[in-house]
Amino acid sequence: MCRAPVSRIHSHDWGKAMDSAVSSATGDSTERSRPRWRQRAIGVLAAVLAAVVIWVVAVPLAGVDLMATVASGEPPMEIGVGAVIASSLITSLLGWGLLALLERVTRHGLRIWVIVAVLFTLLSLAGPFMAETGAATAVLLLMHLAVGGVLIAAMLRSVRR
């Protein structure tokens, strides 16, 4: 059996080669033909931005006192915009990293990731119940759902071209 020679593609070129092959084969528009990493980075930033917008509306504008008890016996901690940015950015980046890893080791990486991401989002909803007030609990629940929802939608969109 005669095989045509396979050109070598370096690992750093693989994503570019796949993105160009997919976009040229499907005739995608320029918005859809963005590299996958760029779409995912925008998704991470959108998830962080969603949390920050909720914080801005709730805390400075609506006057919600966003305080939560982290450990029993400790005084409540104020949840500032820095904590919101850091926690949403770190969890979003970890989610992106997990998706990238799963895509490399299994054919069903996206499916597994979506299940894990939904479960993680649901489990994260236990944290807001440590808030000091009902309003703070509602704001934190909304933030958790927004970050999880935006990130899941963005990662799905980055794969389905």
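Which residues does Met-143 touch, not counting residues up to four places away in sequence? In this predicted model, Met-143 touches Ala-51, Ile-54, Trp-55, Leu-66 and Val-84, a contact being heavy atoms within 4.5 Å.

## Basis and confidence

This is a predicted model, in which local features need pLDDT of at least 70 and side-chain atom pairs count only at pLDDT 80 or more, while totals for chains, interfaces and linings use all residues. Residues are numbered from 1 along each chain as its sequence is written, and side-chain values use heavy atoms, with hydrogens and water left out.

The mean pLDDT of the chain (pLDDT is the predictor's confidence in each residue, from 0 to 100) is 85, and 79% of its residues reach 70 or more. Over residues 4-30, however, the pLDDT is below 50, and this stretch has eleven contacts in the model beyond near neighbours in sequence. Where pLDDT is low, the predicted coordinates should not be read in detail.

## The nonpolar core

The largest nonpolar core (a set of buried Ala, Val, Leu, Ile, Met, Phe, Trp, Tyr and Cys residues joined through side-chain atoms within 4.5 Å) holds 30 residues, and the members that touch the most others are Leu-66, Val-84, Trp-113, Val-139 and Met-143. At least two residues of this core come from each of helix 2 (36-61), helix 3 (81-105), helix 4 (109-124) and helix 5 (134-159), where helices are DSSP runs of H or I with at least four residues, numbered from the N terminus. The most is given by helix 2, with ten residues. In soluble globular proteins, nonpolar side chains tend to be buried together.

Thr-137 lies in helix 5 and counts as buried at 12% relative accessibility, where buried means under 20% relative accessible area, exposed over 50% and partly exposed in between, with a 1.4 Å probe and protein chains only. Leaving aside residues up to four places away in sequence, Thr-137 touches Pro-128, Phe-129 and Ala-131.

## Exposed leucines and a surface patch

Leu-49, Val-53, Val-56, Val-57 and Leu-61 make a nonpolar surface patch of about 460 Å²; such a patch joins nonpolar side chains (Val, Leu, Ile, Met, Phe, Trp, Tyr) within 5 Å, from residues with over 30% relative accessible area and no salt bridge, and accessible areas come from the Shrake-Rupley method with a 1.4 Å probe. Of these residues, Leu-49 lies in helix 2 and is exposed, with a relative accessible area of 52%.

Leu-45 also has its place in helix 2 and is exposed, its relative accessible area being 56%. The C-alpha atoms of Leu-45 and Ile-85 are separated by 9.8 Å, although the two residues are 40 residues apart along the chain.

## A salt-bridge network

The structure holds two salt bridges, each defined by a side-chain nitrogen of Lys or Arg within 4 Å of a carboxyl oxygen of Asp or Glu. In one, Glu-103 pairs with Arg-36, the closest N and O atoms being 3.8 Å apart; this pair links distant parts of the chain, with Glu-103 in helix 3 and Arg-36 in helix 2, 67 residues apart. In the other, the side chains of Arg-40 and Glu-103 meet at 2.7 Å, N to O. Because Arg-40 lies in helix 2 and Glu-103 in helix 3, the pair ties together parts that are 63 residues apart in sequence.

Arg-36, Arg-40 and Glu-103 are thus linked in a network of salt bridges. Within this network, Arg-40 is buried, with a relative accessible area of 3%, whereas Arg-36 is partly exposed at 29% and Glu-103 is partly exposed at 26%.

Methods
Patches are made of residues with over 30% relative accessible area and no salt bridge: like charges are joined within 9 Å, nonpolar side chains (Val, Leu, Ile, Met, Phe, Trp, Tyr) within 5 Å.
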